[in-house]
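Please brief me on this protein chain for a computational chemist. Keep it brisk, with bullet points grouped by topic.

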Amino acid sequence: MQEKSFAVIGEDGRQRAAADYLKQLGYRVVGAEKISAADIILLPMPLSADRAQLAALLRAAKPGAVAYAGKVSDEAAAVAKAAGVELDDYLQREELAVMNAIPTCEGAVEILLRERQAALWNSRVLITGFGRIAKLLCQRLTGFGALVTVAARRPRDRALASALGCRTQTIDALRETVRGFDVIVNTVPAPLIDREMIGTMGHDTFLLDLASAPGGIDLAAAGTAGIKAVWALSLPAKCAPVTAGRFVADTVLQMMEERD
């Protein structure tokens, strides 16, 4: 049995998976009712819970306990500080962001296979942006035989996309080129695919937005134009909660090791 003990708070699939995984590693894991006995408190993501509820929970923590949560709101951070509990945000860790790109890409592929009436093979796919998710998605989609084009601002990103076997273009060229694709996958969290662009697309175009708020595709315009569009948020939690929970636990264990 490991020396440190965890209180894992929350009932979503990721929290349950993280608790099970920590038990498998030999840690003692308890729930909220025994938080006073825990060295480490693993809180859910996003952490923007009711102020009074979170305050009561953290006030029950034993002195010196450290809490970890994801996407911590300013209000939640203030509650933790007032309760005297150090709170770290595991979603700020680069390794977790990279690993979360894996189930995000798998979830995106699942949506494309389910929601369209055509194979990915030989489909003309445009990916906007070239961050973690876009890089992995390029590899996944080219593996299916899709004809992938990457629209990216930076020349180095376009060079890497080309090296991975994708066509490339600049973001500035979108207005002239969007009509030529069967699928457009956006990964840029800023308005990008607007009403005017959508008006040039064929009715069988499929739009998939993987970006966090505010997203990059005008969904209302797509609906008006009769073009199918999906804004797929929080895919790791939806399509692979067990894997996502283990990723969270591994990240927290690394953060703990660095503290020690």
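I171 sits in the loop between strand 8 (167–169) and helix 7 (174–177). Helices (H or I, at least four residues) and strands (E, at least two) are DSSP runs, numbered from the N terminus. The model is predicted: local features need pLDDT of at least 70, side-chain atom pairs count only at pLDDT 80 or more, and totals for chains, interfaces and linings use all residues. Residues are numbered from 1 along each chain as its sequence is written, and side-chain values use heavy atoms, with hydrogens and water left out.

**Loop residue I171**

- Is I171 buried or exposed? I171 is buried, at a relative accessible area of 9%.
- Buried means under 20% relative accessible area, exposed means over 50%, and partly exposed lies in between (1.4 Å probe, protein chains only).
- Not counting residues up to four places away in sequence, I171 touches G129, A151, A152, R153 and L192. Contact means heavy atoms within 4.5 Å.
- M197 is 26 residues from I171 along the chain, and their C-alpha atoms are separated by 13 Å.

**Loop residue R116**

- R116 belongs to the loop between helix 4 (94–115) and strand 6.
- R116 is buried, with a relative accessible area of 11%.
- Leaving aside neighbours within four places in sequence, R116 contacts I111, S123, D182, V183 and F206.
- R116 and A159 are 43 residues apart in sequence, and their C-alpha atoms are 30 Å apart in space.

**The sheet of 6 strands**

- This open sheet has the strand order 8-7-6-9-10-11, with parallel pairing. Two strands pair if DSSP finds at least two bridges between them.
- Strand 8 and strand 11 (228–231) are the edges; each has a single partner strand, so one side of each lacks a neighbour in the sheet.
- Neighbouring strands are turned by 20° against each other on average, direction ignored.
- Axes are lines fitted to C-alpha atoms, for helices over the stretch in contact, and angles run from 0 to 180 degrees between N-to-C directions.
- Strand 6 (residues 124–128) is mostly covered, with 4 of its 5 residues buried.
- Strand 6 pairs with strand 7 (residues 147–151) in the parallel sense, over 5 bridges. L126 has T149 of strand 7 as its bridge partner.
- Strand 10 (residues 206–209) pairs with strand 11 in the parallel sense, over 4 bridges. Opposite F206 stands K228 in strand 11.
- Helix 5 (residues 132–143) lies across strand 6, strand 7 and strand 9 (183–186). Helix 5 runs at about 170° to strand 6.

**The sheet of 5 strands**

- What is the strand order of this open sheet? The order is 2-1-3-4-5, and the pairing is parallel.
- Strand 2 (28–30) and strand 5 (86–89) are the edge strands, each pairing on one side only.
- The twist averages 25° from one strand to the next.
- Strand 1 is covered on both faces: S5 and A7 on one side, and F6 and V8 on the other, are all buried.
- Strand 1 and strand 2 pair in the parallel sense over 3 bridges. F6 stands opposite V29 in strand 2.
- Strand 3 (residues 40–42) and strand 4 (residues 66–69) run parallel and are joined by 3 bridges. I41 has A67 of strand 4 as its bridge partner.
- Helix 1 (residues 13–24) lies across strand 1 (5–8), strand 2 and strand 3, running at about 165° to strand 1.
- Helix 11 (residues 241–259) lies across strand 1, strand 3, strand 4 and strand 5. Helix 11 runs at about 145° to strand 4.

**Whole chain**

- The protein chain has 11 helices and 11 strands.
- The C-alpha atoms fill a box of roughly 60 × 35 × 35 Å along the principal axes.
- Of the 260 residues, 47% count as buried.
- Among contacts between residues at least 6 apart in sequence, 58% join residues at least 24 apart.
- The accessible surface comes to about 12700 Å², and 52% of it belongs to carbon and sulfur atoms. Accessible areas come from the Shrake-Rupley method with a 1.4 Å probe; for residues, only the protein chains shown count as cover.
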